[in-house]
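Could you walk me through this structure, stop by stop? I have it open in my viewer and would like to know what to select next and what I will find there.

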Amino acid sequence: MDRQQEFVLRTLEERDIRFVRLWFTDVLGFLKSVAVAPAELEGAFAEGIGFDGSAIQGFARVYESDMVAKPDPSTFQVLPWETPEGDHYSARMFCDITMPDGSPSWADPRHVLRRSLARASEAGFTVYVHPEIEFFLLKDLPSDGSVPIPADNGGYFDQASHATATNFRRHAIEALEAMGISVEFSHHEGAPGQQEIDLRYADALTMADNVMTFRYVVKEVALTQGVHASFMPKPFSDQPGSGMHTHVSLFEGDRNAFYDAEDPYELSEVGKAFVAGLLKHAREISAVTNQWVNSYKRLIVGGEAPTAVCWGHANRSALVRVPMYSPGKASSRRVEIRSLDSACNPYLAYAVIIAAGLQGVQKGYELPAAAEDDVWSLSDSERRAAGYANLPQNLGEALAEMENSELLAEALGEHVYDFFLRNKRVEWDNYRRSVTPYELSTLLPVL
């Protein structure tokens, strides 16, 4: 037994923790959990916990259903609230999913990301990410299809008169930091009820775990405040959607590989090639970074989200931005990808972003000129004249791009790639055949 496992077992005993929740995600990014008693944990470290993989979205067929969840002791954290019994705490660990012979499950999103990170490591890079996570606080979650009610009427950076949101963010941040997840900033976003909490940078695997924990903690804390949290990309037709702008940097040891003091943008040749890879493969990876039919209601002109494949410096209408908050500070040089929404599977999203960027680095892609225009204000013909391709405008278009992508097939692995495509085609077909309230209200009276 290694030291991390010993630390976990000792902490359970010292703090009298009665339940240990073993977490993992399915291919779509939904959190799964099995609880074990502390007495069973030593065996779980050695042999894992067996489960029926065929009952999990995308994991296994019925005839190969036996799978094993092996807890990763480096992810151990005590959950920041008591059990329903009122006097004992529980803890959680993320798991790696394996086959009974101990080989990694190709369907495990954590393993998919590990493979992308291994390719980055072979090239000499460590990948760090920093997400800005937006979401809505709502008074209720209507089950009848009616429009939800925001928990407040606040706007961007509002503070004084919105006690619900202010108290919520304080409690949420305290809970996150109690679990070792560092928060950099938090504030009210532009739409009523909309919040943003930015997590301090970490390596990509740790951050994907943190994003999954973040969504769980935020929903739990919201319930204690009498509201509901939703990461749906676009719950309101007339308000901006919720994104997860993600800052990425590559490090070679302690040196930021994206930094070049001589460049006007302080962006190295590696950084430029990485951005070029993101742009070249942007349409292909959209089905993963924006995986729901609702995701594309956010990616529209006028929605404060990117709609065209381009990059810029201070240009917030661009898909990829090179922030300059700290000129001359080498460790701060990074690129910001603005298309992701906060409902994606972070393991798969980070895996394909890394794959696209590394492809640019390894093949020496040339970075096109930066976009100086307000891309949102350009007509389609003006965009074409400027050489800007549009991002996919719906999930069906994104899936068509994904289907022809060798990059995604390699990054995700055959099993995840095939399941993801099949599942999302069903979602798109179901959406297309659904008659919406908009159609009934506008067309039924006149046709």
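Here is a tour that starts with the whole chain and then visits a few residues.

**Stop 1: the whole chain**

Keep in mind throughout that this is a predicted model. Show the chain as a cartoon to begin: there are 14 helices and 18 strands to find. Turn the view along the principal axes, and the C-alpha atoms fill a box of roughly 65 × 55 × 50 Å. For 447 residues, a compact globule would have a radius of gyration near 22 Å, and the chain agrees with that, at 22 Å.

Now switch on the surface. It comes to about 19,900 Å² of accessible area, and 50% of this belongs to carbon and sulfur atoms. Of the 447 residues, 54% count as buried. The fold also brings remote parts of the sequence into contact: among contacts between residues at least 6 apart in sequence, 69% join residues at least 24 apart.

Colour by charge next. You will have 40 positive and 63 negative side chains on screen, and the centres of the two sets lie 2 Å apart.

**Stop 2: aromatic rings**

Select the aromatic side chains; the whole structure holds 16 aromatic pairs. Zoom in on Phe135 and Phe231, which form a tilted pair with 5.3 Å from centre to centre and 40 degrees between the planes. What does this pair tie together? Phe135 sits in strand S7 (residues 126–138) and Phe231 in the loop between strand S11 (228–230) and strand S12 (244–252), so the pair links parts that are 96 residues apart in sequence. Both rings belong to buried residues: Phe135 has a relative accessible area of 0%, and Phe231 has 6%.

While the rings are still shown, select Trp23, Trp81, Phe94 and Tyr216, which form one aromatic cluster.

**Stop 3: Ser317**

Move to the loop between strand S15 (311–312) and strand S16 (320–321), where Ser317 is placed. Is Ser317 buried or exposed? Its relative accessible area is 3%, so Ser317 is buried. Leaving aside neighbours within four places in sequence, Ser317 is in contact with Pro306, Asp373, Asp374, Val375 and Trp376. If you like to try the distance tool, pick the C-alpha atoms of Ser317 and Val301: these residues are 16 apart in sequence and 9.4 Å apart in space.

**Stop 4: Asn345**

Asn345 is found in the loop between strand S17 (335–337) and helix H9 (346–363). With a relative accessibility of 0%, Asn345 counts as buried. Show the side chains around it: not counting residues up to four places away in sequence, Asn345 touches Thr25, Asp26, Val27, Leu28, Gly29, Pro109 and Gln291.

**Stop 5: two positive phi angles**

Finish with the backbone. Asp16 is not a glycine, yet it has a positive phi of about 55 degrees. Look for Asp16 in the loop between helix H1 (3–14) and strand S1 (19–25).

Then select Glu266, where phi is near 55 degrees, again a positive value in a residue other than glycine. Glu266 lies in the loop between strand S13 (255–256) and helix H6 (269–280).

How do the surroundings of these residues compare? Asp16 is partly exposed, with a relative accessible area of 35%, whereas Glu266 is buried, at 10%.

Methods. Residues numbered from 1 in each chain as written. Predicted model: local features only at pLDDT ≥ 70, side-chain atom pairs only at ≥ 80, totals over all residues. Heavy atoms only, no water. Helix = DSSP H or I, 4+ residues; strand = E, 2+ residues; numbered from the N terminus. Rg over C-alpha atoms; globule rule 2.2 N^0.38 Å. Buried < 20%, exposed > 50% of the residue type's maximum accessible area, 1.4 Å probe, protein only. Contact = heavy atoms within 4.5 Å. Areas by Shrake-Rupley, 256 points an atom, 1.4 Å probe, with all protein chains shown as cover. Lys, Arg positive; Asp, Glu negative; His and termini not counted. Charge placed at Lys NZ, Arg CZ, Asp CG, Glu CD. Phe/Tyr/Trp six-rings, centres within 6.5 Å; stacked < 30°, edge-to-face > 60°.
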